[in-house]
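Welcome! Below is a short tour of a protein model, meant to help you read a structure step by step. Keep the picture open while you follow along.

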Amino acid sequence: MNMLLTIALAITSLLPKASDAFWRDSIPAEMRQSYIGYGEQYAAKPWTVLPWTVFAENKISGNRVNYENICFEKRRQLAALVMAEIMEGKGRFLNDIIDGLGSFCEETWWGIPAHYNKRIPWPEQQEVDLFNAETASLIAWTRYMLESQLDQFSPDFCQRIDREIERRILKPAIEKNYWWKTAGMNWNPWICSNWLTCVLICEKDEARKAEAIRQIRQATQAFIDAYPEDGGCDEGPGYWDRAAASMFEIFNLLNHQQPTINKIQNMAAYAYKTYIGHDYCVCFADAHENKAVQQVNIVYPFGLWLNDKTMREFGAYLGRQKQVLTNPAALYDKSGNFPTLGRELFFLRHIQEFMAEQPREPQLKDVWMADLQIMTARRGNLYVAMKGGHNGESHNHNDVGSFIVYCNDEPLFIDPAVGEYTAKTFGKDRYDIWTMQSQYHNLPQINGTDQKDGKSYAAKVVSHKNGQLTLDIAGAYPKEAEVKSWRRTVSAQTTGITITEDYELNICNQPVRLMLMALSPDAIDHLHFDKHQLDASVEDISDRLDPVLQKMWGQKMYRIVLTAKSTKQKNQIKYMIK
C-alpha cells in the first residue's frame, strides 16, 4: 500500500464523517445540544458580503480589526452550522451551509488585508497567508464531513470546492517559495497544517500531492530545527497554540507515531510550564490573550499523543474549567480568530478518554528554560516569571530582564502585552507603540534611556538556581544609557520575591528609575523598600488601554515608579514583593 493511500485511510479511521453514528452515540447529549443550539442562532441568517471599503482601511488608516471582525464572524457562522449539522444529523442546517459555501466561493480572497499588498483583492493574486489557509481548511473539513450530503444536493458541488481550494491554496502554496516555509515561528506550522488538510482532502493530482507533502514535511522540519532544545516559544503562550500545537496537527494528519525527540516533547510541555493558575499564562511579547482559552481543544490530544501525563491532566483541567462537557460552543466567541473545525472534531474523537482523564491543574514549583532564558518559580502564594533573551525575538517587545508577579494566581505586577494590531504594529514605527517600550515593562530606565530593539540587544545569564536568576541586562541598552553592567537578580523565597539591582554606570546624569506595571495603585502596598534609597510614585495610564487591552486586564492600569535618590555610578538597590 503506497504512502498516500495509507494517509487517506488514516484520516478516515481517525475522523468519521457526519453520517457516522459516532457523533450521535459517543458525544454526550449536553455537548451535542450546545453545538446544535449555537448553530440555531445562525439558521436562516444572511451571509455577509465582505466590504471592500473596509478591506481598504488597512492601507488607508492602518486599521485591520474592522475587516477581521466581519471576516472572522462569517467563518464562525459556517463552523457553527457545520457542527450543529454533524451533531444533529437531520439535514436541518444543510441549506444554510450550502449557501454559505457558495458565498465563500464568491469571495475574491480568503485572507486578511494586513497580509495583502493592495487596497482591494484581485482574483489572480491568491497569496497564501494564515487566514487564506485557515479558511480553506474550514471549507475542506466541511466538504469532507458532509461530502455525501453535498453530492446529493449537486454532483458538481464538491468539484467546485476542490477547484476553489486548488487555485487559492494548492497551486500557489506548492509553486511559490514563500518565506514561511523556512521560518521558525507560527506562520510555518499554522499554514502548513491547513495546507496539508487541503492536500489530503481536495488534491486529486497524485504527483502534486506527493510534492506538497514533501514540502510540508521539509517546512515542518525547518520549524523544529529553528527551535531551541528547551522547546521555548519566544512568541509566548498566546502563539503556542498556532506554533507547536499546529506542528502536532501536521504529525496527527500524517499519522506519525509518538516521537522520541526531547525537543518536541519540550515544545509541547511549554504549554504547562508557562501556566500560572486560575487560567492565567505567563504573558510576554505580543499576547492578545493572557488566559489559556485557545488551548482547550488541543492540549489534551497533544498530551495523549505524547503520553505526557501532566499535559493530559492539564487538558482535562482546562476542559472542565471551560465547561467543555456541558457548553463547548460557548468558547466559539472566545477562540481568538474563529473556531478551527478540524481541531474541534479531532478533540471530540477522544471525548471518552477525555472524560475518563483525571483533571489536574499543573502547579510547577520551578521551571528554567535555558535557551529562551525564562525562569518561573512558585513560592507560597506568589508566582514569579523572569525573562532574558534578546530584543530581536519574534513578536518582540523591548523587555529583556523584565519579570511578572502573581499573588494567589491573580495578576499583581504584569507585562501589559499588546493592544489592537494595526499596520504600525508590524511597520518601521513599531517601537513608537507604548506597549513595545521597556519603560512600560518592569524594568529600569537608565540615564533617561530605554532599551533598544534588535537581536544584539541581549541579556547574559550570570547564574541560575531553582527560584533565582541573575542576568546582566546592560547589553539590552544603547550606548546613551552609559551602563557598564547591570546585574538584576530575582529570587523567590517563601518570605517573598527579592529583586536586587547591582549596577555600574559610566556616568549618572539622571536618577535611575525602576518601572513596575500594575492593575491597581494598591499594588504599591506589596512593595517593601528602603525609603532612604527610593522614592515611589504612581501614574494612572488607563487612558492608554484600547479594547483588546481592556478585555485582557480590565479598565485600569498603573505604572509605579521607584526613583533612586542616589546618583552614584556604582550602586545596589534591593526591594521585596510580599
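Gln445 sits in strand 9, which covers residues 444–445. The model is a predicted one, so take the details that follow as computed values.

Is Gln445 buried or exposed? Its relative accessible area is 8%, and buried means under 20%, so Gln445 counts as buried. What does its side chain meet there? The side chains of Gln445 and Asp450 are joined by a polar contact of 2.9 Å. Setting aside residues up to four places away in sequence, Gln445 touches Gln439, Asp450, Val512, Arg513 and Met515. Asp450 therefore appears both in the polar contact and in the list of touching residues.

Next, look at a glycine in a loop. Gly467 is found between strand 11 (460–465) and strand 12 (468–472). Its relative accessibility is 2%, which means that Gly467 counts as buried. Which residues does Gly467 contact, leaving aside its neighbours within four places in sequence? They are Asp366, Met375, Ala377, Arg379, Val490, Ser491 and Ala492. Gly467 also shows how sequence and space can be compared: Val384 is 83 residues from Gly467 along the sequence, yet their C-alpha atoms are 8.7 Å apart.

Two histidines come next, each with a positive phi although neither is a glycine. The table puts them side by side.

| Residue | Phi | Loop | Relative accessibility |
|---|---|---|---|
| His278 | about 50° | between strand 1 (275–277) and strand 2 (280–281) | 42%, partly exposed |
| His395 | near 60° | between strand 6 (390–391) and strand 7 (403–407) | 11%, buried |

Why is His395 called buried? Its relative accessibility is 11%, and the cut-off for buried is under 20%. His278, at 42%, counts as partly exposed, because that class lies between the limits of 20% and 50%.

Now turn to the helices, starting with helix 6, which spans residues 65–88. One of its partners is helix 18 (residues 341–349), and the two pack at an angle of about 30° with their axes 11 Å apart. Angles under 35 degrees count as roughly parallel, so helix 6 is roughly parallel to helix 18. The crossing of helix 6 past helix 18 is right-handed. On the helix 6 side, the contact is made by Ala79, Val82, Met83, Ile86 and Met87, while helix 18 brings Leu341, Glu344, Leu345 and Leu348. Sorted by class, this contact has eight nonpolar residues, no polar ones and one charged residue.

Helix 6 also packs with helix 8 (residues 130–145), where the axes come within 11 Å and cross at roughly 20°. Helix 6 and helix 8 are therefore roughly parallel to each other as well. What is the handedness of the crossing of helix 6 and helix 8? Helix 6 passes helix 8 in a left-handed crossing. Here Phe72, Arg75, Leu78, Ala79, Val82 and Ile86 of helix 6 meet Phe131, Thr135, Leu138, Ile139, Thr142 and Met145 of helix 8. The residues of this contact divide into nine nonpolar, two polar and one charged.

To finish, compare the two lists for helix 6: Ala79, Val82 and Ile86 take part in the contact with helix 18 and also in the contact with helix 8. Try finding these three residues in the picture.

Definitions and conventions:
Residues are numbered from 1 along each chain as its sequence is written. This is a predicted model: local features need pLDDT of at least 70, side-chain atom pairs count only at pLDDT 80 or more; totals for chains, interfaces and linings use all residues. Side-chain values use heavy atoms; hydrogens and water are left out. Axes are lines fitted to C-alpha atoms, for helices over the stretch in contact, and angles run from 0 to 180 degrees between N-to-C directions. Helices (H or I, at least four residues) and strands (E, at least two) are DSSP runs, numbered from the N terminus. Angles under 35 degrees count as roughly parallel, over 145 as roughly antiparallel, 65 to 115 as roughly perpendicular and the rest as oblique. A crossing is left-handed if the near helix is turned anticlockwise from the far one by less than a right angle, and right-handed if clockwise. Contact means heavy atoms within 4.5 Å. Ala, Val, Leu, Ile, Met, Phe, Trp, Tyr, Cys and Pro count as nonpolar, Asp, Glu, Lys and Arg as charged, and the others, Gly among them, as polar. Buried means under 20% relative accessible area, exposed over 50%, partly exposed in between (1.4 Å probe, protein chains only). A polar contact is a pair of N or O atoms within 3.5 Å; within protein, one must be able to donate a hydrogen and the other to accept it, and residues adjacent in sequence count only if both atoms are side-chain atoms.
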